[in-house]
Amino acid sequence: MLIKSADDKTKRLALLEDLQKSSYLDAQQKKWLREELQRHKKGIQGERESAYYLDNHFKDGVNHVLLHDLRLVVDGEVAQIDHLVIGRLGYFFLIETKNYAGNLEINAHGEFTVNYDGDLYGIPSPLEQSRRHERVLFKLLERLGITGRLDKKPDVHHVVMMHPKAVIRRPDPKAFDTSFLIKADQFPTWHEKFADDIGTATVLKALLNMRSQDTIKEWGEKLKRQHRPADLLALPDFMQPKPQLAATAQVVKPPVQAPAVAPGTSAPAEADASLAKKLICAHCHGKISYDEGKYCWSRSKRFGGLQYCREHQTLFV
């Protein structure tokens, strides 16, 4: 049963593509934009492909609920869970999607490396990333009263899903077990094997922990309401236009008169010129979107070369 689909991230893609055209960014900032755009596209593609196989396996089932793209924030900690499956037997499957451009290699110590045409790059362990998500999830489950019948904490199993065409080089399983790492199209087979490998004692415990379809649906809906979407228009501090560029832009521009105040409104507070070309309203100093800033910058005569949030744009004729 599908409870939550992935969020629409087209606004993020549009922002990253549009920003690359800006003349106020230096080479390093534009390089970050290109890499961020590529990473974002590959991430969306990987999550979409994994969701396709998971949906086919669970969407119409009655024994599991499925949530895609679940972002939880607990006590300042963030867990961005690509896919979460909750079963009636009390199992939680935390599924992390990875879509690397190169071949993946794992050594006997559980260290992950991506091979790009012979160049090796160490990467963080997606398994450890999923385990960090588990800790945040457990905090929230306890607060929401989501528990097993026998144990306070549900059983959590981690899965890392790769593109079906990914090349994976694994170590000896006796040195480091990589059975959690599968290709997306293999999930149905992996899930069946998981059920087959459960021992008699574990099966008995699972049966005693069994919940109704309505209960796991209620759990899924509770978690869906805790979803906190990321700000798709947020950018790191180093992506702000360089002060010297903004200052140069103001020097070469012809002087303009102070923006006119709309009839029936109060005069705006004195604008802070240091905020020029920043995603901050020059009136209230609140954070604004790139679209709001662009709207003002393209009408420099009206807004005096500064930018304002939608509410305070109405102060000017």
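1. Within strand β3 (residues 77-87), the residue that serves as bridge partner of H64 is G87. H64 itself falls in strand β2 (residues 64-74), and these two strands pair in the antiparallel sense over 10 bridges, where pairing requires that DSSP find at least two bridges between the strands. The model is a predicted one, in which local features need pLDDT of at least 70 and side-chain atom pairs count only at pLDDT 80 or more, whereas totals for chains, interfaces and linings use all residues. Residues are numbered from 1 along each chain as its sequence is written, and side-chain values use heavy atoms, with hydrogens and water left out.

2. The connection between β2 and β3 is a hairpin with two residues between the strands, and D75 in this turn has a positive phi of about 55°. Strand β2 also pairs with strand β1 (residues 2-4), to which it runs parallel through two bridges; here L2 stands opposite L66 of β2. Strands in this note are DSSP runs of E with at least two residues, and helices are runs of H or I with at least four, numbered from the N terminus.

3. Strand β2 is mostly covered, since 10 of its 11 residues are buried, a term that means under 20% relative accessible area, with exposed meaning over 50% and partly exposed lying in between (1.4 Å probe, protein chains only). D69 lies in β2 and has a phi near 55°, a positive value in a residue other than glycine; at 4% relative accessibility, D69 counts as buried.

4. A useful companion to D69 is D117, whose phi is near 50° and is again positive in a residue other than glycine. D117 is found in the loop between β6 (112-116) and β7 (119-123), and its relative accessible area of 84% makes it exposed.

5. For the protein as a whole, 10 helices and 10 strands are assigned, and 44% of the 317 residues count as buried. The exposed surface comes to about 17600 Å², of which carbon and sulfur atoms supply 51%, with areas calculated by the Shrake-Rupley method using a 1.4 Å probe. Among contacts with a separation of 6 or more, 64% involve residues 24 or more positions apart, a contact being heavy atoms within 4.5 Å.

6. The count of disulfides is zero under the rule that a disulfide is a pair of cysteine sulfur atoms within 2.5 Å. C296 is in no disulfide, and the nearest cysteine sulfur, that of C281, is 7.9 Å away. C281 is buried, with a relative accessible area of 0%, and C296 is buried as well, with a value of 0%.

7. Two cavities of 30 Å³ or more are counted, a cavity being a set of points on a 1 Å grid over the protein atoms alone where a 1.4 Å probe fits but cannot get out, and its lining residues those having an atom within 4 Å of a point. Grid points are joined across faces, edges and corners, and the volume is the space filled by probe spheres set on the points. The second largest cavity has a volume of about 40 Å³, and its lining residues include G46, E49, S50, M161, M162 and H163. The elements giving two or more residues to this lining are α2 (27-58) and β8 (155-162), and the largest share, three residues, comes from α2.

How values were computed:
On a 1 Å grid over the protein atoms alone, a cavity is a set of points where a 1.4 Å probe fits but cannot get out, and a pocket is an open set with protein on both sides within 12 Å along at least five of seven lines; lining residues have an atom within 4 Å of a point.
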